[in-house]
Amino acid sequence: MWCANDWADADVALHHLEREFFAAGAPDVAPLVLNKLFVVGECIGRVTEVEAYTRDDPASHSFRGRTNRNSVMFGEAGHLYVYFTYGLHHCANIVTGHAGDGQAVLIRAVEPLVGTEQMIRRRGRGTNIADGPGKLCQAFGIDIDLNGFDLCSGLRACILDDGHAPPEVPIVTKRVGIRVATDRLWRWSVRH
DNA sequence: AGAGTGATGGGCT
DNA sequence: GCCCATCACTCTT
């Protein structure tokens, strides 16, 4: 189990993001997740790119209502919605809003900070380790077994705030990899 | 620009 | 039930 004492700079104050943080709408929550720490097991990365998906959004899995696959999106905020796609990749989302809303924030990229060696081993390469939604799931060992995991329940998988504020001026662009509702500016990333 | 990969769900019969 | 287009992707050419 990772603990705060393992953090390279013992002076940083860490706090665990609580459920209330995720209770707003996905387009409001998403940019606030930038620069937070995404923790899964012993792997930690700083979130650098996110997208929002909502119920009234034709690009969202929840658009056509609740199904077995997307049921976690309709549950309590702060849980992880993981799905398998394109026959090979997993993607990780944070459920937002209130139960029944059907919305989530897709974590698209992180900067590896802790557990980098394991990420490289899992990815089978030393570059571009976690700069894509499928890549970061492979690097962090996220698969369908983590679907529904409560990120507000402990340190095994969670979002931590180490005092790095979200960027004052994030890069805001159209979402990528979708074929509908491509006009919504619901992708946020940090400058390099 | 395209191949690889497999679960999902909508539309049928 | 079955068929099959679709898919919030990655890597290589």
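Phe38 is buried, with a relative accessible area of 0%. The model is predicted, and every value here is computed from that model. Start with the aromatic rings, then move on to the cysteines and the two DNA strands.

The structure holds three aromatic pairs. One of them joins Phe21 and Phe22. Their ring centres lie 5.1 Å apart and their planes meet at 80°, so this pair is edge-to-face. The cut-off for that label is an angle over 60 degrees. The two residues differ in burial class: Phe22 is buried at 0% relative accessible area, whereas Phe21 counts as partly exposed at 24%.

Now return to Phe38. Its ring pairs with that of Phe140, and this pair is stacked. The centres are 5.5 Å apart, with 25° between the planes. Phe38 sits in strand S2 (residues 37–40) and Phe140 in helix H3, so the pair ties together parts that are 102 residues apart in sequence. Phe140 is buried too, with a relative accessible area of 2%. Keep helix H3 in mind, for it comes back with the DNA.

Next, the cysteines. How many disulfides does the count come to? The count is zero. Cys152 is in no disulfide. The nearest cysteine sulfur to that of Cys152 belongs to Cys158, 8.9 Å away. Seen from the other side, the closest cysteine sulfur to that of Cys158 is in Cys152, and 8.9 Å is too far for a bond. The cut-off for a disulfide is 2.5 Å between the sulfurs. Cys158 counts as buried, because its relative accessibility is 0%.

Turn to DNA strand B. Arg64, Thr67, Arg69, Phe84, Tyr86, Gly87, Leu88 and His89 surround this strand. By class, that surface has three nonpolar, three polar and two charged residues. Look at which atoms of the strand lie within 4 Å of the protein: 65% belong to sugar or phosphate, and the rest to bases. Both kinds of group have polar contacts. On the phosphate side, a polar side-chain atom of Thr67 lies 2.3 Å from a phosphate oxygen of DNA strand B. On the base side, the protein backbone takes part. A backbone N or O atom of Tyr86 is 2.6 Å from a base oxygen of DNA strand B. A backbone N or O atom of Gly87 is 3.3 Å from a base nitrogen of that strand.

DNA strand C comes last. This strand is surrounded by 21 residues, and the closest are Asn93, Arg123, Gly134, Lys135 and Gly177. The surface near DNA strand C has nine nonpolar, seven polar and five charged residues. Of the strand's atoms within 4 Å of the protein, 60% belong to sugar or phosphate and the rest to bases.

Where do the polar contacts with DNA strand C fall? Two reach bases. Ala59 places a polar backbone atom 3.0 Å from a base nitrogen of DNA strand C. Asn93 uses a polar side-chain atom, which lies 2.5 Å from a base nitrogen of DNA strand C. Arg123 reaches the phosphate instead: a polar side-chain atom of Arg123 lies 2.7 Å from a phosphate oxygen of DNA strand C. The elements that give two or more residues to this surface are strand S5 (89–96), strand S6 (103–114) and helix H3 (133–140). Helix H3 also holds Phe140, the partner of Phe38 in strand S2.

Conventions: Residues are numbered from 1 along each chain as its sequence is written. Chains are lettered from A and ligands numbered from 1 in the order in which they are written. This is a predicted model: local features need pLDDT of at least 70, side-chain atom pairs count only at pLDDT 80 or more; totals for chains, interfaces and linings use all residues. Side-chain values use heavy atoms; hydrogens and water are left out. A residue is near a molecule or strand if one of its heavy atoms lies within 4 Å of it. A polar contact is a pair of N or O atoms within 3.5 Å; within protein, one must be able to donate a hydrogen and the other to accept it, and residues adjacent in sequence count only if both atoms are side-chain atoms. Helices (H or I, at least four residues) and strands (E, at least two) are DSSP runs, numbered from the N terminus. Ala, Val, Leu, Ile, Met, Phe, Trp, Tyr, Cys and Pro count as nonpolar, Asp, Glu, Lys and Arg as charged, and the others, Gly among them, as polar. Buried means under 20% relative accessible area, exposed over 50%, partly exposed in between (1.4 Å probe, protein chains only). Rings of Phe, Tyr and Trp (its six-membered ring) pair if their centres lie within 6.5 Å; planes under 30 degrees apart count as stacked, over 60 as edge-to-face and the rest as tilted.
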